[in-house]
Amino acid sequence: MADGDPTSTQTLQRALGVLKAFHGSPNPLTHAELVRRTGSSKASISRIAATLVALGYLDRAPDGVRFQLGARGLRIGHRYLVHNPVVRAAKPLMQQLADSCDMSVGLAVADQLEMVYLEYCNSSNIATLRLGVGRAVPMELSSIGRAYVWAQPPARRQRLLFNIMKRIGTNGPAVVARMETAFDDLDRDGYCMAVGEYQRDTFAVSVPVALGNPPLIMALNCSAVFYTMDLKRVRNVVVPSLKETGKRLSDALSRVDSMLF
Amino acid sequence: MADDAWMANQAIAARTGIPKATVSRLMQTLTGLGYLIHSKSMGKYRLASAVLGLGYAAMADADVVAVARALMQSFADDHGVFVALAGRDGLDMILSEVCHSSSALATVGLGVGEHMPIAASPLGWALLAGLPPSERGYLLDHIRARHTRSEWMRLRQCISDAVHQASVKGYCASTGNWGPNIKTVAVPLIIQERLPMALVCAALPRTRAKSKQDEQLGQKLVKLMHRVRERTEVAGHG
């Protein structure tokens, strides 16, 4: 920005970067870890963290040393969800799928290079899977992220892959190669699967969904802990129900202005 | 952004006291980062999905703690006991809230953030008792490796005893695991769409009539658990 003071936007971006460094997890982080994850200087993290604590976006962890996410972000998230038509339409369909497949069902949107869960339904028989609404998973390591990237127009897909490569560094080519294997599966079968890649001990199958008008791409998945995995059942029962749920969801929202999402 | 879904720069400047030129720059930045959506036709902004990344997930479980706190404190005061709420953190239980009785009859030296192995704590046993059998078995397989064989034989017995008690009475009682003569009563706290948790209370045995005291405290703790669950579910739909 040529005129005005650029520092207010920079400060804002750094502060958001600090909050995002938690990936939506309740686990506390040290000052040093925040420096490492954000790439900001020690002094700047100290200033930003103090401000965020004062505003309620961060709290001191019970040990008095580390930081954890505070209640303010929850309130803003509530505010967003209250006004969100996708969540209202998706929740009953997703819960039905979760109960019939005995798996967890998630709907995620892209947030830069991560996928954030907009809605998350557990089957009544599953209690320990750790993800929930607002959790972020890396696009490249999750089947839900790969399904999203696959559904993008070619130019945007390339840009996403490029940015992922850049972020990961030396391991980039291997990670992108695994994404491309998932793209082949999506080309062929319309879904992709990840086993124990992002969350140890869990597996997930994902499909992209285009919701609202004009269509906005999100992705829908079914996941469960590993020991319940039965490949044949996944292929013959879970995937068809997942696709059906995706279709019903996009039908339900086909006339809704996607700017409201 | 308070009550309205859509807001214009002017209203935001008025509400925040930030100069309008700065507001408009900040709004552009936030829109670029996916925190806001801009409607050209209305000339207004609304919140977008990236705001969920600002701590929604982390705190969604904290509201259980917020709901539970007042109920736990009056329970502690009414019964002269120590009450704690805990969740699972890997293969440990982690305390998210503790309440001491004002009459301080029973004080356990445990604070918020304290970790203890699932298998070696009444809280962990109650948590395990609240899980579906397949998930319990899965966790036990991982927990076993952390304990010596003879230790595990003993703990395994405690766990199956607790699971049995919980299935019959809704709570599990034991004595001496948190210090000589300290009795503990624990219940699983399983709330839809939340991570499983457990509630425990600890008391010094006062007189004879021990089993009767256990029974009363157990039933009251089960009631407390139901109230926490109901209030959380109501708060979640508000």
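Author: Quick ground rule before we start: axes here are lines fitted to C-alpha atoms, for helices over the stretch in contact, and angles run from 0 to 180 degrees between N-to-C directions. Also, this is a predicted model.

Reader: Fine. What makes H5(A) roughly antiparallel to H9(A)?

Author: Helix H5 (residues 85-101) of chain A and helix H9 (residues 231-252) of chain A pack at an angle of about 170°, and their axes are 10 Å apart. Angles over 145 degrees count as roughly antiparallel, so H5(A) gets that label against H9(A).

Reader: Which residues of H5(A) and H9(A) make the contact?

Author: From H5(A) they are A:Ala89, A:Ala90, A:Leu93, A:Met94, A:Leu97, A:Ser100 and A:Cys101. H9(A) brings A:Val237, A:Val238, A:Ser241, A:Leu242, A:Thr245, A:Arg248, A:Leu249 and A:Ala252. By class, the residues of this contact are eleven nonpolar, three polar and one charged.

Reader: Where does the largest share of the largest nonpolar core come from?

Author: From H5(A) again, with eight residues. That core has 89 residues, and A:Ala108, A:Met115 and A:Ala219 touch the most other members.

Reader: How do you know what A:Met115 is in contact with?

Author: The test is C-beta atoms within 7 Å. Leaving aside neighbours within four places in sequence, A:Met115 is in contact with residues including A:Ala108, A:Val137, A:Ile144, A:Tyr148 and A:Ala219.

Reader: On to chain B. What makes E1(B) and E2(B) a hairpin?

Author: Two strands pair if there are at least two bridges between them. Four bridges join E1(B) to strand E2 (residues 44-47) of chain B, and the two run antiparallel, so E1(B) and E2(B) clear that bar. One of the partnerships is B:Leu36 with B:Leu47. Four residues lie between the strands of the hairpin, and B:Gly43 in the turn has a positive phi of about 65°.

Reader: Which elements of chain B supply residues to the side that touches chain A?

Author: Strand E1 (36-39) is one of those supplying at least two residues each, along with helix H2 (20-32), helix H3 (56-60) and helix H6 (133-144). In total, 37 residues of chain B are in contact with 46 residues of chain A. The chain B side has 24 nonpolar, nine polar and four charged residues.

Reader: Why do E5 and E6 of chain B stand at the edges?

Author: The six strands form an open sheet in the order E5-E4-E3-E8-E7-E6 (chain B), with antiparallel pairing. Strand E5 (115-117) and strand E6 (172-175) have a single partner strand each, so one side of each is left without a neighbour in the sheet. For E5(B), three bridges join it to strand E4 (residues 92-99) of chain B, with B:Asp92 partnered to B:Pro117.

Reader: And how do you know that E8(B) pairs with E3(B) and E7(B)?

Author: Same bar, at least two bridges. E3(B) is joined to E8(B) by six, while E7(B) and E8(B) pair over seven. Among the bridge partners are B:Gly87 with B:Met197 and B:Val185 with B:Cys201.

Reader: Why is E8(B) called mostly covered?

Author: A residue is buried if 20 or more other C-beta atoms lie within 10 Å of its own, and seven of its seven residues are buried. B:Met197, B:Leu199, B:Cys201 and B:Ala203 point one way from E8(B), with B:Ala198, B:Val200 and B:Ala202 pointing the other way. That suits the general rule: in a regular strand the side chains alternate between the two faces of the sheet.

How values were computed. Residues numbered from 1 in each chain as written. Chains lettered and ligands numbered in written order. Predicted model: local features only at pLDDT ≥ 70, side-chain atom pairs only at ≥ 80, totals over all residues. Core = buried A, V, L, I, M, F, W, Y, C linked by C-beta atoms within 7 Å. Buried ≥ 20, exposed ≤ 12 C-beta atoms within 10 Å, placed from the backbone. Contact = placed C-beta atoms within 7 Å. Nonpolar A, V, L, I, M, F, W, Y, C, P; charged D, E, K, R; others polar. Parallel < 35°, antiparallel > 145°, perpendicular 65-115°, else oblique.
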